[in-house]
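Student: I have a chain open in the viewer. Can you walk me through it?

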Amino acid sequence: MEILIIVSIILSFAILFAGFYMKYQAPRDEQMKMGLRTERAKASQETWAYANRTCGRYCLIFGGIGLALSIISLLVYAFAGDDWGRILAVITPAVICVGTSSAVNVVNNGLCSKFDENGRLKEMK
């Protein structure tokens, strides 16, 4: 049980670190080796910046939620008992994984709506 809570805390910090990196430190060179690396995101420098900034923001949000849930599950496990702590400890990694996975889909949909297939900003009507 304790291991699951520890893994949740480590996963939360990893997502927070990845979100910070993508939002503030994603490479701006032509290689684009680290960050959100989808074909749509690598189409141009503008799409790359938008995708990493937006996905980084979502990762920071879900990493913070995951960290808060991990700490709550640790406290519940310590004070309320094994059953409630176990429920929260199982829910926390699922929330983190579903949240970050859905963030990639949301960013990709945003890329499709804001940019064309060549990475140029679409004209708003």
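Student: How much area does the protein chain expose, and what share of it do carbon and sulfur atoms supply?

Tutor: Areas come from the Shrake-Rupley method with a 1.4 Å probe, and for residues only the protein chains shown count as cover. The protein chain exposes about 7,600 Å². The share from carbon and sulfur atoms is 65%.

Student: What kind of model is this?

Tutor: Residues are numbered from 1 along each chain as its sequence is written, and side-chain values use heavy atoms, without hydrogens and water. Local features need pLDDT of at least 70, side-chain atom pairs count only at pLDDT 80 or more, and totals for chains, interfaces and linings use all residues, as this is a predicted model.

Student: Which pattern does the protein chain follow along the sequence?

Tutor: Helices (H or I, at least four residues) and strands (E, at least two) are DSSP runs, numbered from the N terminus. The protein chain has 3 helices and 0 strands. Read along the sequence, the pattern is α-α-α.

Student: Which helix gives the most residues to the largest nonpolar core?

Tutor: Such a core joins buried (under 20% relative accessible area, 1.4 Å probe, protein chains only) Ala, Val, Leu, Ile, Met, Phe, Trp, Tyr and Cys residues through side-chain atoms within 4.5 Å. The largest has 12 residues, including Leu36, Cys55 and Phe115. Helix 1 (2-25), helix 2 (45-79) and helix 3 (82-114) each give two or more. With 4 residues, the top contributor is helix 2.

Student: What percentage of the residues of the protein chain count as buried?

Tutor: The count runs over the 125 residues of the protein chain. The buried share is 33%.

Conventions
Buried < 20%, exposed > 50% of the residue type's maximum accessible area, 1.4 Å probe, protein only.
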